[in-house]
Amino acid sequence: MASRLPKTAAASRKKPPAAVSALRRRPAWTALEKHHKKMAGVHLRELFAGDTGRGERLAVEAAGIYFDYSKNRITDETLKLLLQLAEESGLRARIDAMFRGERINVTENRAVLHVALRAPRDVAVRLDGEDVVPQVHAVLDKMADFSTRLRGGAWQGHTGKRIRNVVNIGIGGSDLGPVMAYEALRHYSERAMTFRFVSNVDGTDFAEAVHGLDPAETLFVVSSKTFTTLETMTNARTARAWLLAGLGGDESAVARHFVAVSTNAQEVAKFGIDTANMFGFWDWVGGRYSMDSAIGLSTMLAIGPDSFRAMLDGFREMDEHFRTAPFERNLPVLLGLLGLWYTDFFGAQTVAVLPYEQYLKRFPAYLQQLTMESNGKHVTLEGGRVDYDTGPIYWGEPGTNGQHSFYQLIHQGTRLIPCDFIAFARSLNPLGRHHNMLLANVFAQTEALAFGKTAEEVKAEGTPDWLVPHRLFEGNRPSNTILLDRLTPAALGKLVALYEHSVFTQGTIWQIDSFDQWGVELGKVLAQRIIPQLENAAEPKLEHDSSTNALIRRYRRSKGPA
């Protein structure tokens with residue numbers, strides 16, 4: 001006979017009920033939970049059949065962007081409750097606080113003022129009472145002067161040759177933004193110049209970036225706020241050695257072939273860079289929000305100061321729309337709320353970003369850092385653990401390539417994957433029917449995802465009964481369509497700001513700090529411990545876990561004597 005546990009022991013095995021977070025206690029949240037139960041079985045076919053004007057009604061045009069969100073699994077009631085949730089979460093006050101320069105990055109006690117990077121000269125943005133806009137424009141003017149001189153040939157290398165190659169060295173936001181912007185705006189770039197990018201500490205990245213380049217014609221832009229970032233400075237020192245080897249070892253050459261985007265003048269000077277060629281930025285700019293700061297120097301060198309300022313104008317137009325538009329017609333707010341609807345109520349774990357524009361091939365990778373480093377958090381601003389999902393995984397490839405790759409899973413797989421389709425009405429490279437075919441695929445894919453193909457429709461095509469299940473498309477797969485006129489520098493600024501503020505909207509409702517990134521620190525700290533253990537000639541004393549110890553020993557044996 002099984003022995004009975006004492007009451008006290010039995011009670012100790014029962015976990016106390018978890019405290020429900022403030023977010024999940026909000027009236028709109030609890031109403032959305034009930035509403036989702038009604039919506040879970042509703043098909044987009046029904047929603048469109050019951051509202052012939054849905055496609056026009058659930059669309060917003062602002063800041064040069066046409067945003068069609070009609071192919072989402074929502075009703076007017078859904079929108080009402082999502083907008084109510086935004087209000088209950090204090091989104092308007094939080095937006096105002098950001099634009100006022102309040103220190104809303106609480107874990108680092110910093111303001112969040114990337115919006116100041118694109119503010120016009122005559123607008124004041126204050127931090128602790130000081131207007132930061134004059135500082136921003138002083139840096140922009142310095143960048144513009146340098147870019148004009150280099151692009152025009154007035155800035156020359158150590159041997160008197162014109163600079164024809166620019167290599168940006170950075171990582172994270174100091175790489176992803178410049179790479180994405182260069183690829184996106186390549187149509188507007190100076191084609192007589194070569195632009196390459198180095199980020200990975202893997203030596204192959206550097207070796208391939210400088211392959212075929214003449215050191216006498218090459219400028220390196222080293223982007224590191226502290227000028228101590230491990231990967232960036234490792235690559236920068238390798239670049240310095242490569243340059244000196246190619247120019248006879250004269251260390252004075254460094255000053256003509258390196259510039260810095262940094263705030264650490266002492267380290268910059270120690271490296272051999274003239275601090276007059278150091279372009280600064282501020283701790284109120286997060287790395288993933290910095291592509292329109294001095295981090296964008298390589299972008300300006302590629303497209304020129306005028307196009308760079310046009311990009312800033314695009315950012316600014318979306319900033320003003322986000323700051324002033326009512327939430328029901330506010331593009332970033334709607335985009336953010338729809339994403340939250342699928343993440344927290346449908347259990348969607350990913351979002352596919354599908355640009356039908358080859359120049360935007362790096363845009364999904366850029367958004368991965370912007371979204372996942374910002375909202376990949378498991379604790380609230382107050383330090384409590386969240387009891388809801390945050391930060392979905394962003395991924396994607398340009399169309400139509402993805403259609404012959406992963407769209408199979410989106411259409412007929414078991415996972416719900418909301419999609420953002422991005423397209424432009426006019427091509428920068430009009431070639432016969434190409435653009436019509438491209439846009440036809442955008443519209444066809446969103447239609448197919450939403451409505452699918454019923455068993456009856458499949459059978460009507462003469463399909464044998466045994467094959468019908470394989471050719472059935474359930475549909476009811478949600479998507480947004482984001483349509484612009486052309487991919488210009490201003491359009492790129494608008495797109496990036498659209499997603500920046502969408503991230504902000506979600507982070508506000510989830511009550512998390514979207515502007516810190518402590519999750520990237522631990523691995524970096526541990527790597528600093530392991531590096532000498534890999535490099536020391538003497539066998540190191542290892543005190544890691546058994547797996548890590550075994551891997552270190554195996555690597556040391558494989559690479560041979562130090």
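A search of the whole structure, which is a predicted model, finds 26 aromatic pairs. One of these joins Tyr342 and Phe346 in a tilted arrangement, with 5.5 Å from centre to centre and 50° between the planes. The protein contains 23 helices and 13 strands, and two of its open sheets are described below, one of five strands and one of six.

**Aromatic residues**

- Tyr342 has a relative accessible area of 2% and is therefore buried.
- Phe346, the partner of Tyr342 in the tilted pair, has a relative accessible area of 18%; because buried means under 20%, Phe346 is also classed as buried.
- Ring pairs connect Trp29, Trp341, Tyr342, Phe345, Phe346 and Tyr388, and these residues form a cluster.

**Overall form**

- The protein has 562 residues and a radius of gyration of 27 Å, which agrees with the value near 24 Å for a compact globule of that length.
- The C-alpha trace spans about 75 × 75 × 60 Å along the principal axes of the protein.
- Of the 562 residues, 52% are buried.
- The accessible surface amounts to about 25500 Å², and carbon and sulfur atoms account for 52% of that surface.
- When contacts between residues at least 6 apart in sequence are considered, 73% of them join residues at least 24 apart.

**The five-stranded sheet**

- Five strands make up an open sheet with parallel pairing, in the order E6-E5-E7-E8-E9.
- Its edges are strand E6 (194–198) and strand E9 (278–279), each of which pairs on one side only.
- Strand E5 (residues 165–169) pairs with strand E7 (residues 218–223) in the parallel sense, over five bridges.
- Asn165 has Thr218 of E7 as its bridge partner.
- Helix H8 (residues 173–184) packs on this sheet and touches E5, E6 and E7; the direction of H8 makes about 150° with that of E6.
- Helix H10 (residues 230–246) also packs on the sheet, where it touches E5, E6, E7 and strand E8 (258–261). The direction of H10 makes about 160° with that of E7.

**The six-stranded sheet**

- Six strands form an open sheet with mixed pairing, in the order E1-E2-E13-E12-E10-E11.
- Strand E1 (59–62) and strand E11 (393–395) are the edge strands, and each pairs on one side only.
- From one strand to the next, the twist averages 15°.
- E1 and strand E2 (residues 65–68) run antiparallel and are joined by four bridges.
- Ala59 stands opposite Asp68, a residue of E2.
- Helix H16 (residues 363–375) packs on this sheet, in contact with strand E10 (350–355), E11 and strand E12 (419–424). The direction of H16 makes about 165° with that of E11.

**The surroundings of Val136**

- Val136 is part of helix H7 (residues 133–152).
- The relative accessibility of Val136 is 3%, so this residue counts as buried.
- Beyond its neighbours within four places in sequence, Val136 is in contact with Ala116, Leu117, Trp282 and Trp284.
- Leu117 lies 19 residues from Val136 along the chain, and the C-alpha atoms of the two residues are separated by 6.1 Å.

Notes. Residues are numbered from 1 along each chain as its sequence is written. This is a predicted model: local features need pLDDT of at least 70, side-chain atom pairs count only at pLDDT 80 or more; totals for chains, interfaces and linings use all residues. Side-chain values use heavy atoms; hydrogens and water are left out. Two strands pair if DSSP finds at least two bridges between them. Contact means heavy atoms within 4.5 Å. Axes are lines fitted to C-alpha atoms, for helices over the stretch in contact, and angles run from 0 to 180 degrees between N-to-C directions. The radius of gyration is taken over C-alpha atoms; the globule rule is 2.2 Å times the number of residues to the power 0.38. Buried means under 20% relative accessible area, exposed over 50%, partly exposed in between (1.4 Å probe, protein chains only). Accessible areas come from the Shrake-Rupley method with a 1.4 Å probe; for residues, only the protein chains shown count as cover. Rings of Phe, Tyr and Trp (its six-membered ring) pair if their centres lie within 6.5 Å; planes under 30 degrees apart count as stacked, over 60 as edge-to-face and the rest as tilted.
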